[in-house]
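Trainee: I would like to go through this structure with you and learn how each label is earned.
Mentor: Gladly; let us put it in front of us and begin.

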Amino acid sequence: MGLVQWLKGQFLCQLIICYGFLVSGLLVNLLQICTLPLWPINKQLARRINCKLGYSLTSQSVALLEWWSGTEVTFYTDPADYQFYGKENAIIVLNHNFEIDFLCGWAFCDRFGVLGASKCLAKKELSYLPVIGWMWYFLEMVFIKRKWEEDKRSFVQSLQNLRDYPENFWFLLHCEGTRFTEEKHQISMEVAEKKGLPKLKHHLLPRTKGFWVAVQNLRGTVAAVYCCTLNFRNNETPTLLGVINGKKYHPDLYIRRIPLESVPEDEAECSSWLHKLYQEKDQFQEDYSHTGYFPGPIVTPLRGPWALINWIGWTCLLLYPLYLLLVQLVLSGSILTILATVAFCSAGPGTGPRRQVGTRGGPCPTAPPKRPGLPPAPGHRGRYRRTGGGTVLLDNERNGVGKSANKCGTRPV
Ligand SMILES: CCCCC/C=C\C/C=C\CCCCCCCC(=O)SCCNC(=O)CCNC(=O)[C@H](O)C(C)(C)COP(=O)(O)OP(=O)(O)OC[C@H]1O[C@@H](n2cnc3c(N)ncnc32)[C@H](O)[C@@H]1OP(=O)(O)O
Ligand SMILES: CCCCCCCCCCCCCCCCCC(=O)OC[C@@H](O)COP(=O)(O)O
């Protein structure tokens, strides 16, 4: 194990990371409160400032994912759609299977400059989370109690408020409404059976009302739905603790852009449109479980330095008072206090044997070969082009998998 990898496993390092995140988060919350008087005077400026503050906090977790744990999301998408990313508002429909799916989503947002303004439809309880929940309040995140009668008014109002949002934003919807578990899946498929809907293998039955209301209220504001399908190579079961521990994961994210005009306006039609979308997503996941690839070429937008610079900046700023405290401690001459501090810092979960990465059901019999370096992947014999935004694989000769699904938004759904 290299020194850097060893350091990543040390409790002290992890403590410093969490300390930095919490203290910077509280400072960001404080600054957000300071913007309150600005809202009635210049709302758009207040929103822009809050986006920057939001970026300053959220990007730390992206830096943690990408620079600390070395996890890089591999993006599959049609290059024709790529040009729209970050230049328009969008509704994101993402599967909800993994503990760090939101982190991978944020990495995607960061690559296209919409991280500070990104939003989601989240359960109300998350708004009470210290630091992150309080920050979301100022970023005009949409919260629901999941009791429709109580939610509908505030839900519509929150969406209407986004109509004049001054920055491009992506609005995330986990239509399944909760994270996938086998038990929930079983119940959900009983509902599907009762409704005469095809069974899904990798998703819960989507709840359609939230999607329909979001589409109706954001027409004219949002240009497209981005159908996003996330999975991890080698049946990895990623965790936030794993990321903090410096564990590298291998996420693959398939994005299809569907113009909003192709989503039906009528509630029943919109609902069956969403069910069909999930049936397609399910097929992509099924193919992935056999091949290890999503359809569509791999695109690799360049990783910008700002998340890292911001993180290092905060860490230096916040470590200085800790350093002063340490000096005082040494100067105090109290051996007992010094020993207690050393013992505390060198203890903790990170100093034990490193945890094994979990896998879902072990390696699948048809698992693809490992792909450590990207792009290109073995089996990808496509041509690549360097663009201003990164590397784009131009054509996909990946064993013919998913060729029919290569055009985003053009598949009948
Ligand atoms: C990759 C790019 C990412 C970009 C990232 C951008 C931004 C990120 C920003 C932040 C990241 C933070 C991440 C935080 C994640 C937070 C996650 C959550 O909090 S998920 C929980 C909250 N969200 C939701 O619930 C959304 C989904 N739900 C809905 O939209 C619902 O429609 C609703 C609005 C809550 C209303 O639900 P309700 O039940 O009242 O109505 P529905 O008509 O939708 O559903 C009723 C209908 O469903 C049938 N059904 C289906 N399954 C079941 C089941 N298991 N049990 C019972 N019933 C079920 C049911 O039969 C009903 O049918 P019918 O109407 O015919 O009777
Ligand atoms: C430098 C940074 C360091 C360390 C900290 C790392 C960053 C941590 C950021 C915390 C962000 C918290 C986001 C919470 C998202 C949780 C997703 C979630 O909770 O989904 C809930 C749904 O599933 C519904 O759940 P159910 O009630 O149905 O069950």
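**Reading the labels**

Mentor: Leaving aside residues up to four places away in sequence, Ser127 touches Gly133, Trp134 and Phe143. Please keep in mind throughout that this is a predicted model.

Trainee: What makes these residues count as touching Ser127?
Mentor: Contact means heavy atoms within 4.5 Å, and Gly133, Trp134 and Phe143 are the residues that Ser127 touches once residues up to four places away in sequence are not counted.

Trainee: Where is Ser127 found, and why is Ser127 counted as buried?
Mentor: Ser127 is found in the loop between S3 and helix H6 (132–138). Its relative accessibility is 13%, and buried means under 20%, so Ser127 counts as buried.

Trainee: Which backbone atom lies 2.6 Å from a polar atom of the side chain of Ser127?
Mentor: That atom is the backbone oxygen of Lys124, and since a polar contact is a pair of N or O atoms within 3.5 Å, the value of 2.6 Å falls inside the cut-off.

Trainee: How do you know whether Arg111 is buried or exposed?
Mentor: Arg111 has a relative accessible area of 11%, which is to be set against the limit of under 20% for buried, and therefore Arg111 is called buried. Arg111 is found in helix H5 (residues 101–111), and, not counting residues up to four places away in sequence, Arg111 touches Glu66, Glu72, Phe75, Pro301, Leu302 and Arg303. One of these, Pro301, has its backbone oxygen 2.7 Å from a polar atom of the side chain of Arg111.

Trainee: Why is helix H9 described as largely enclosed by the rest of the structure?
Mentor: Seven of the 10 residues of helix H9 (residues 209–218) are buried, so the description follows from that count. The buried residues are Gly210, Phe211, Val213, Ala214, Val215, Asn217 and Leu218. They pack against strand S2 (90–94), helix H7 (148–161), strand S5 (170–173), strand S6 (224–232) and helix H11 (267–291). Just after H9, Gly220 takes a positive phi of about 90°.

Trainee: Which residues come nearest to ligand 1, and what polar contacts are made there?
Mentor: Of the 33 residues around ligand 1, Lys123, Lys195, Arg207, Lys209 and Gly210 come nearest. An N or O atom in the side chain of Lys195 is 2.5 Å from an oxygen atom of ligand 1, while for the side chain of Arg207 the distance from an N or O atom to an oxygen atom of ligand 1 is 2.9 Å. Gly210 takes part through a backbone N or O atom, which lies 2.9 Å from an oxygen atom of ligand 1. Ligand 1 taken alone exposes 1400 Å², of which the protein buries 78%.

Trainee: How many residues surround ligand 2, and which are the closest?
Mentor: Ligand 2 is surrounded by 13 residues, the closest being His96, Lys123, Arg146, Thr178 and Trp311.

Trainee: How do you know that Arg179 makes a polar contact with ligand 2?
Mentor: A backbone N or O atom of Arg179 lies 3.5 Å from an oxygen atom of ligand 2, and the cut-off is within 3.5 Å, so this pair counts as a polar contact. A polar side-chain atom of Thr178 lies 2.5 Å from an oxygen atom of ligand 2, and for Arg146 the corresponding distance is 2.9 Å.

Key: Residues numbered from 1 in each chain as written. Chains lettered and ligands numbered in written order. Predicted model: local features only at pLDDT ≥ 70, side-chain atom pairs only at ≥ 80, totals over all residues. Heavy atoms only, no water. Buried < 20%, exposed > 50% of the residue type's maximum accessible area, 1.4 Å probe, protein only. Helix = DSSP H or I, 4+ residues; strand = E, 2+ residues; numbered from the N terminus. Polar contact = N/O pair within 3.5 Å; in protein donor to acceptor, adjacent residues only side chain to side chain. Near = heavy atom within 4 Å. Areas by Shrake-Rupley, 256 points an atom, 1.4 Å probe, with all protein chains shown as cover.
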